[in-house]
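Work through the exercises below with the structure open beside you. Try each task before you read its solution.

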Amino acid sequence: MTTSPARSPRLLLIVTVVLVVAGVILLTVPQTASAPAVSAPPRATAPTACPTATAPGSRAAQASALAQATASTASTHTANSSALPPHGEGVAGDAAIQRSLEDAWPVNLAADDEHKLLAAGRGLLRADATGVGRAKWPALFGDPDQAIAPAFATARFRIQAAVARRDGSPDKAVVHLVWAGADRGGTYTDRRITDWYFARTSTKGASTWTPQPRI
């Protein structure tokens, strides 16, 4: 009967300690278990964010590169198709030179004016280079008997291409000519370039193109 009271406080103390320990364990276990859950989302989202963000950009970059490559190929093809033939190609290369002139100087004259200017420009070039037909333009070439001797022979003279275009105003024009010929020393050269300039004049109501002296 005397030992029961002594044991009772000790038992209560033991029970209290056990309860405190159990409570501490219960309080700490949820915190340690939930810690990985907090850090888990960054680990889960980090790998998936990169592919999702970069995949569309990669496809767009590839499409852009493909478009640039296609444009470059088309540009190269166009440049090659209008490339000038090599020197010495002969008559076979004249069509390519004509296309090159037309590409460089788009049409900006009426067809009738262009036709008249081309005829005059070709005649002037031939007269200037070979001497043939100089009497038609005494204001430009002077007295045929005192004119400068032609520098090129008529035998191998050839106009390879020519275009007539407006030169800054409706009343001014220029004829661009590409030609070939052998000089008096026998040296043959093709793809020579000469420009003849014209001004529109009116006489008695009629409009004509007058060649301008070469400076």
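The exercises that follow concern the sheet, the helices packed on it and selected side chains of this predicted model.

**Exercise 1. The sheet**

State how many strands form the open sheet, in what order they lie, and which of them are edge strands.

Solution.
- Step 1. The sheet has four strands, and their order is E1-E2-E3-E4 with antiparallel pairing.
- Step 2. Look for strands that pair on one side only: these are E1 (158–166) and E4 (206–211), the edge strands.
- Step 3. From one strand to the next, the twist averages 25°.

**Exercise 2. Pairing within the sheet**

Find how many bridges join E1 to E2, and how many join E3 to E4. Give one pair of bridge partners for each case.

Solution.
- Step 1. E1 and E2 run antiparallel and are joined by eight bridges. Arg165 has Val174 in E2 as its bridge partner.
- Step 2. The connection between E1 and E2 is a hairpin with five residues between the two strands. In its turn, Gly168 has a positive phi of about 90°.
- Step 3. E3 (residues 188–203) and E4 are also antiparallel, with six bridges joining them. Here Thr201 is partnered by Thr208 in E4.

**Exercise 3. An edge strand and its burial**

Is E1 largely enclosed or open, judged by how many of its residues are buried? Then describe the surroundings of Gln160.

Solution.
- Step 1. A residue is buried if its relative accessible area is under 20%. Eight of the nine residues of E1 are buried, so the strand is largely enclosed by the rest of the structure.
- Step 2. Gln160 lies in this strand, E1. Its relative accessible area is 7%, and the cut-off is 20%, so Gln160 is buried.
- Step 3. Leaving aside neighbours within four places in sequence, the residues in contact with Gln160 are Asp94, Ile97, Val178, Trp179, Ala180, Asp190 and Arg191.
- Step 4. With Asp94 there is a polar contact between the two side chains, at 3.2 Å.

**Exercise 4. Helices on the sheet**

Determine which strands are touched by H3 and which are crossed by H2. Check the length of H3 as well.

Solution.
- Step 1. H2 (residues 94–104) lies across E1, E2 (172–182) and E3, and runs at about 15° to E1.
- Step 2. H3 (residues 111–130) packs on the sheet and touches E1, E2, E3 and E4. The direction of H3 makes about 125° with that of E3.
- Step 3. H3 has 20 residues; at 1.5 Å a residue, it should span 28 Å. The C-alpha atoms at its ends are 28 Å apart, so the expected span agrees.
- Step 4. Among the buried residues of H3 are Leu117, Leu118, Gly121, Leu124 and Leu125. The buried residues of this helix pack against helix H4 (138–141) as well as E1, E2, E3 and E4.
- Step 5. The general rule for an α-helix is 3.6 residues a turn, so residues three or four places apart point the same way.
- Step 6. Just after H3 comes Gly131, with a positive phi of about 90°.

**Exercise 5. Salt bridges**

How many salt bridges does the structure hold? Identify the partners of Arg200 and the partner of Arg214.

Solution.
- Step 1. The structure holds six salt bridges.
- Step 2. Arg200 meets Asp113 in a salt bridge, at 3.6 Å from N to O. Arg200 is in E3 and Asp113 in H3, 87 residues apart, and the pair links distant parts of the chain.
- Step 3. Compare the two by their accessible areas: Arg200 is partly exposed at 27%, whereas Asp113 is buried at 14%.
- Step 4. Arg200 also forms a salt bridge with Asp171, at 3.1 Å from N to O. Asp171 sits in the loop between E1 and E2, 29 residues from Arg200. Its relative accessible area of 44% makes Asp171 partly exposed.
- Step 5. Put these together: Asp113, Asp171 and Arg200 are linked in a network of salt bridges.
- Step 6. Arg214 pairs with Asp128, their closest N and O atoms being 2.9 Å apart. Arg214 is in the segment after E4 and Asp128 in H3, 86 residues apart.
- Step 7. Both residues of this pair are partly exposed, Arg214 at 47% and Asp128 at 28%.

Terms used: Residues numbered from 1 in each chain as written. Predicted model: local features only at pLDDT ≥ 70, side-chain atom pairs only at ≥ 80, totals over all residues. Heavy atoms only, no water. Pairing = 2+ DSSP bridges. Axes fitted to C-alpha atoms, helices over the stretch in contact; angles between N-to-C directions. Contact = heavy atoms within 4.5 Å. Expected span 1.5 Å × (residues − 1). Buried < 20%, exposed > 50% of the residue type's maximum accessible area, 1.4 Å probe, protein only. Polar contact = N/O pair within 3.5 Å; in protein donor to acceptor, adjacent residues only side chain to side chain. Salt bridge = Lys/Arg side-chain N within 4 Å of Asp/Glu carboxyl O.
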